[in-house]
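Colleague: Could you take me carefully through one part of this structure, the aromatic rings and what surrounds them, and then place that part within the chains? I am a first-year student, so please explain each term when it comes up.

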Amino acid sequence: MRFALDDQPVDYVDGDSVAVAVLRAGQHPQHGGTLCLTGDCGNCSADVDGVPFTRTCLTPARPGLRVRRHPAVGAPPLRLDPPANPVTSPSQPEVRVQRVHADVAVIGAGTSGTAAAEEARTAGRDVLVLDGDAGDDVVGVYPGPMVVVRRDDHVLHVHAHDVVIATGAAELHPVCPGNMLRGILTAGAADLLRARGVDLGRTATIDLADLARFDGADGRVTAVVRHDGTSEPCDTAIVTAATRAPRDLLARMVDDPRVRVVGPAAQRFDLPPAPVDGVVCPCSKITVEDLQGVWDKGFQHIELVKRAALCGTGTCQGGVCMPHLRAFVTDRSGEPAAPFTGRPASRQLTIAEAAADVHLDAFRRTALHHEHLALGAQMDRFGGWWRPWHYGDAMREYWAVREGVSLGDVSTLGKMIVTGPDVVEALERLYPTTIADIRPGRSRYVLLLNERGHVIDDGMVCREDEHRFVLTFTSGGAASAEAWVRDWVETWNLDVRIMDRTVSLGAINVTGPLAGELLRRVGVEEPPRFLQHRHLSVAGVDCHVMRLSFTGEASFELHHPVAHSVELWRALMEAGRDLNVVPHGLQALFALRLEKGHVIIGMDTELDTTPRRIGMEWAVKMDKPYFVGRTSLGRTEPLPDHRRLFGYTMEGPAPVEGAPISVGNRIVGHVTSSFTSPATGRAVMLGWQKHTPFADTVTIDGRTATVTPVPFYDPEGSRARA
Amino acid sequence: MNEFVETLLSLTWHEPRSSYDVVIIGGGGHGLATAYYLATRHGITNVAVVEADYIGSGNSGRNTTIIRSNYGIPESIRFYRHSQVLYDRLEDETGCWIMHATKGLIWLAHTESAMRAERARCQLNNAMGVETVLVDPVEIKRLCPQIDLSGGGRYPVLGASYHVPASTARHDRVVWAYAQGAMERGVHVLQQTTVTGLLRDGDRVVGVRTNRGDIAAGTVMSAVGGDVTTIASYAGVRLPVRTHPLQAFVTNGYSQGFGPIVSDTELLCYISQTARGQMLIGHEYDREQSYSRQSSFQFLQANAVKMSYLLPFVRNLRILRQWTGRCDVSADFSPIMGFTGVDGFVITTGWGTWGFKAIPAGGEQMAELIATGRTPEMIAPFALDRFAADHSMADQGSTGTR
């Protein structure tokens, strides 16, 4: 059985890891360095099947694997071509995730792990043992506690009540001249290779305390040299040590009382002698000379040494260098140096493995989505929904509204029915506007404020009878509207029932001077008058028809059960065929409303916009005893204010939205909305001034613009009422 | 010695005194930069910077090192642009190699509303002399060939604003550059010194109480991150600041091959390649408020899936290390710099996710404020009393948060 190492075939024996097979073939998975073959170091990591930094000692050899050594100098290449599509390419399988729950997860199946598992089982607890030798590669212990484990063909997410870290202790790597040669093994690695029947040639075993240096030729060790000057020739050097290092990275990365560390992983071992020469951190090739260099420059704290020399910041995360680095700092400072901070990941998972089985929120579509696509709509996401931006020609849509009739899908509006004996009281408190004097069948425009007095939404309040109202909210505000209303009502303990109908009702806006005519053709003999609303049958569909106007023309919003949206839409399109009815998208709608000077909350407003900053004090009745935001407005309204949203007009084409507004050389604000308005023959804009005194004449786009009262178009509002 | 070590300048440590003209709490970028500018611009060197852990151990060593000025309000653009200019000069001025590299920043937009915001950003930036240009998908592909313009079929790219002068620098080295320059001129930096209270003389703050004894000071400045509300409370100052964890991660190091900084206005994640070849990936701060510095797996999952949509090549990269800092977020998502209403106690805070880029300008301006006793014009809009005056500096859309 064979796989490829740097495009050359390598034979392996069943049960070999890639590293063992590579060593069996007389090679090294990198270009040198001590090998432990248990995952503690990064010295065997290589590119496996296009993924660099894969620990080959933990990778079972398989036929057809493509193993590529990292370059001897420099880093492996950043492959910028995307990996193959996981759906179509068997070499890029979608990463599977398995989630398991356990009373106790024990990491490590050695003596202490086995004892901890046994103790928990005896106590009647459900125990999961994660065993590195069985292929459980633990990435991290996260708050929860949650343990993330890489396995050969999937990622395991373990949710446990308690976690026991029993990862044991690691063998020390030698730090001395020549320690990056090939042919150096820890004692454990040598045992493993012998057990696998790998010929180690002539071996020399040496204790770390005696080791002065390795001699080598052609990058391979040829002899070990002791402090006493004696030397022993060898093909393979085997390094033993009187002490070990706790495998405590997992323990150091989490601070949770339900995570316990037992056995050697929790033990304090003697540090090795301070290193004198050689590579301390093989991952980043940091030498003792480097450590001395930063120490001499005043970086005299283990974290500063780490950061300045970049020691311990590679694949093994300090697995190899920690005891030597601590020994170095302890020696130089004369005080015992604690380990540097432990951080995930203990074992490097790929971004694909981290992303596995994660799904982001879906974007919502209205019931008319496919109607829009069939009509050639360019869709855009707005307020969490897919909505038509235009249907090919926004200006044609604009003119249809101004001169004919047009349909808009406003199903995304927030819609809520509120009823009950206390409903008027509740709405009086929710809205800064007077509610009690709205007569049944009438409606009123309202702002919604938060406790800080900032405008968070707007909409309509439609009264049906004494104790029943329909509220509307903007598409963007709809998602949080129900919780907002419900929570306040509960807070006040008022007897009000709330039903959010945002997704159960569709809504179509029929707008334009011919809107009334179109409605007559689908059975509406007497449409409601301006700011009135009625329940009517439209083309056989039960609708709540609200007459208002965002576009500036006569507009009828038809709220209806969403199951009938397509039927109603098609009936209206069909009935309006000879009126040249066309649908309009958001782009045209934004232009139409701008000519009317209507503010879009979130687009023209900012995080801290109060009603007076957008010239809408008229929608706030400070003489009401209470409404949400009143206390804050009571404080801030008497303060001098330096911000105001104004309407502007100027000759020529509209400037880009966002264009700065200047007075003299000073930028005082910016344009929030702009449109070259055919209806008025001028550029019309909304925009901020944030310095006082407010100017009547400003400069935008190098031209003079004049502050102009809104609406720019049909200021008397006769068209909307027609 | 490798080049990283060779190019470091030496830090000069001093034995602490019992009294200084100025004591700065917090040995991060802002604290050390203020000390540096006090020494270099105003000749004030009887200064101590007290640091609870080691210098740069807080957010200065935990950020994603992006330096940009593509903000949405003139006051911020002016300030951050000035900071960029100071960064550009920092290596020459201090002689410290901070691995400063100009890369350009692509802010991707996936919706018409996002395009609208980026169009506005370009307009205002250009008017303020900051080069930020609107780019279409073809240009984006040229600047960053690795981008999947379909956004994984889910987040189609409509365009982007491209902030030309955006750069990165090695965060630790910025801290050390300022530390070295300040210490060389006689500023004392006291590590492992935790402030446990402020010394008061009547209404005035006259020093700090620490685990290593009291230190008298003419002026005390707080430049701490994370624990700022505690420090301010010692002076009886309330701050409109809340603290959220902010997480990031790096992959293993690969050869250089990814030029720009890419950020996403909707997914709120960003990526660049460090001088060491690691892909550095960050995200908006955690929604929950916390002082914790523990990293979560949920963060890794969310970020990994978003980056896989935008830049499919990252799927095969290995995640080396995660970490977490603490963001102090003010009520209007802008910093708070200046006087506090308590004599002898000034503050620089509210640095949220945007503190690293502000280190030079923040330090320079606070040094001027301390030295002259007057608020410099550039940071006047960011004074603490703006909240009481209802004059906030709201610009959340420029902060990569929501």
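Modeller: What follows starts with the rings and then turns to strands, a helix and the wider layout.

This is a predicted model, in which local features need pLDDT of at least 70 and side-chain atom pairs count only at pLDDT 80 or more, while totals for chains, interfaces and linings use all residues. Residues are numbered from 1 along each chain as its sequence is written, chains are lettered from A and ligands numbered from 1 in the order in which they are written, and side-chain values use heavy atoms, with hydrogens and water left out.

A search of the whole structure finds 29 aromatic pairs over all chains, where rings of Phe, Tyr and Trp (its six-membered ring) pair if their centres lie within 6.5 Å, and where planes under 30 degrees apart count as stacked, over 60 as edge-to-face and the rest as tilted. One of them is formed by A:Tyr142 and B:Phe297, a tilted pair at 5.4 Å centre to centre with 55° between the planes. This pair crosses between chains, from A:Tyr142 in strand S8 (residues 137-142) of chain A to B:Phe297 in helix H9 (residues 297-310) of chain B; here helices (H or I, at least four residues) and strands (E, at least two) are DSSP runs, numbered from the N terminus. Both A:Tyr142 and B:Phe297 are buried, a word that stands for under 20% relative accessible area, with exposed meaning over 50% and partly exposed in between (1.4 Å probe, protein chains only).

A further pair, A:Phe363 with A:Trp386, is edge-to-face, at 6.2 Å centre to centre and 85° between the planes. A:Phe363 lies in the loop between helix H8 (351-355) and strand S22 (364-365) of chain A, and A:Trp386 lies in strand S24 (residues 385-390) of chain A, so the pair ties together parts that are 23 residues apart in sequence. A:Phe363 counts as buried because its relative accessibility is 19%, and A:Trp386 is buried with a relative accessible area of 17%.

The ring of A:Phe363 also has charged groups placed over it. The charged end of A:Arg381 sits over this ring, 4.0 Å from its centre, and the charged end of B:Arg154, from chain B, sits over the ring of A:Phe363 at 5.0 Å from its centre. A charge is said to sit over a ring if NZ of Lys or CZ of Arg is within 6 Å of the ring centre and within 35 degrees of the ring normal. In chain B, one aromatic cluster is formed by B:Tyr71, B:Phe79, B:Tyr80, B:Trp351 and B:Phe382.

Next come the strands. Strand S26 (residues 414-419) of chain A is mostly covered, with 5 of its 6 residues buried. S26(A) runs antiparallel to strand S29 (residues 468-473) of chain A, joined by 6 bridges, and two strands count as paired if DSSP finds at least two bridges between them. Within this pairing A:Lys415 has A:Thr472 as its bridge partner in S29(A). S26(A) also pairs in the antiparallel sense with strand S30 (residues 497-500) of chain A, over 4 bridges, and there A:Met416 stands opposite A:Asp500.

Strand S17 (residues 236-240) of chain A is largely enclosed by the rest of the structure, because 4 of its 5 residues are buried. S17(A) runs parallel to strand S12 (residues 184-186) of chain A, with 3 bridges, among them the one that makes A:Val239 the partner of A:Thr186. Strand S13 (residues 203-207) of chain A is likewise joined in parallel to S17(A), by 5 bridges, and A:Asp207 has A:Thr240 as its bridge partner.

A helix residue completes the local view. A:Glu595 is in helix H15 (residues 586-595) of chain A and is buried, with a relative accessible area of 0%. Its side chain makes a polar contact of 2.7 Å with the side chain of A:Tyr398; such a contact is a pair of N or O atoms within 3.5 Å, where within protein one must be able to donate a hydrogen and the other to accept it, and residues adjacent in sequence count only if both atoms are side-chain atoms.

As for the layout, chain A is divided into domain 1 (2-68), domain 2 (279-348), domain 3 (364-412 + 504-584), domain 4 (413-501) and domain 5 (593-624 + 639-721), with bounds from an automatic or database domain assignment. The C-alpha centres of domain 1 and domain 3 of chain A lie 66 Å apart.
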